[in-house]
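Let's walk through this structure together, starting from a single residue and then moving on to the packing around it. Have the model open as you read.

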Amino acid sequence: MTLFAEALFTFLTSAGTSAGSRIYPQQLPQGVTLPAIRYQKISDPSDATMTGPSALRHPRYQLDCYADGDNAYLSAAALADQVITALDGYSGVMSGITVFASFQQDTRDNYDTETGRFWQSVDLIIWHQKV
């Protein structure tokens, strides 16, 4: 059985973003080449029907889009736009899992003074079949 996080990783890897296959759960590896994407599930509320648990999930995922270089801020924003283009409004099948709808909920700019890294966070609600 494929976890939805695996399906999301596979989808993003093939989406043609400037991060390529540099997509990581929870944290970036030390010394990672940028641009890169870090993703994590922020929430996954459960729903129930009158007959029991629903077969429909709608987790919120946060995708942090990192870049570096002279135009790091703009490069991070461009990567975030690529992620939004790939996922906002998407419906279809990801690695055998039906995605009914995906909607962008929020976007935030971030900067870490210690590392000098810029990144942009994109929050998405992804409605999919329960795995």
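Is Ser121 buried or exposed? Keep in mind that the model is a predicted one. Ser121 sits in strand β9, and its relative accessible area is 2%. Because buried means under 20% relative accessible area, Ser121 counts as buried.

Now look at what the side chain of Ser121 meets there. One polar contact, at 2.5 Å, joins it to the side chain of Asp64. Another, at 2.9 Å, links the side chain of Ser121 with that of Asn110. Leaving aside residues up to four places away in sequence, Ser121 touches Asp64 and Asn110 along with Gln62, Leu63, Asp106, Thr107 and Arg108.

Leu63 is a good stepping stone to the nonpolar packing. The largest nonpolar core has 25 residues, and Leu63 is among those with the most contacts inside it, together with Phe4, Leu8, Ile37, Leu87 and Met94. Two or more residues of this core come from each of α1 (4-13), β2 (36-43), β6 (60-67), α2 (72-87), β8 (97-112) and β9 (117-129). Helix α2 gives the largest share, six residues.

Turn next to Ile37, another of the residues with the most contacts inside the core. With residues up to four places away in sequence not counted, Ile37 touches Leu63 and Asp64, and its other partners include Ala19, Ile23, Tyr24, Leu28, Cys65, Leu79 and Val83.

Finally, find Leu28 once more. This residue belongs to a second, separate core of six residues, which also includes Leu34, Tyr66 and Trp119.

Terms used: Residues are numbered from 1 along each chain as its sequence is written. This is a predicted model: local features need pLDDT of at least 70, side-chain atom pairs count only at pLDDT 80 or more; totals for chains, interfaces and linings use all residues. Side-chain values use heavy atoms; hydrogens and water are left out. A nonpolar core is a set of buried Ala, Val, Leu, Ile, Met, Phe, Trp, Tyr and Cys residues joined through side-chain atoms within 4.5 Å. Buried means under 20% relative accessible area, exposed over 50%, partly exposed in between (1.4 Å probe, protein chains only). Helices (H or I, at least four residues) and strands (E, at least two) are DSSP runs, numbered from the N terminus. Contact means heavy atoms within 4.5 Å. A polar contact is a pair of N or O atoms within 3.5 Å; within protein, one must be able to donate a hydrogen and the other to accept it, and residues adjacent in sequence count only if both atoms are side-chain atoms.
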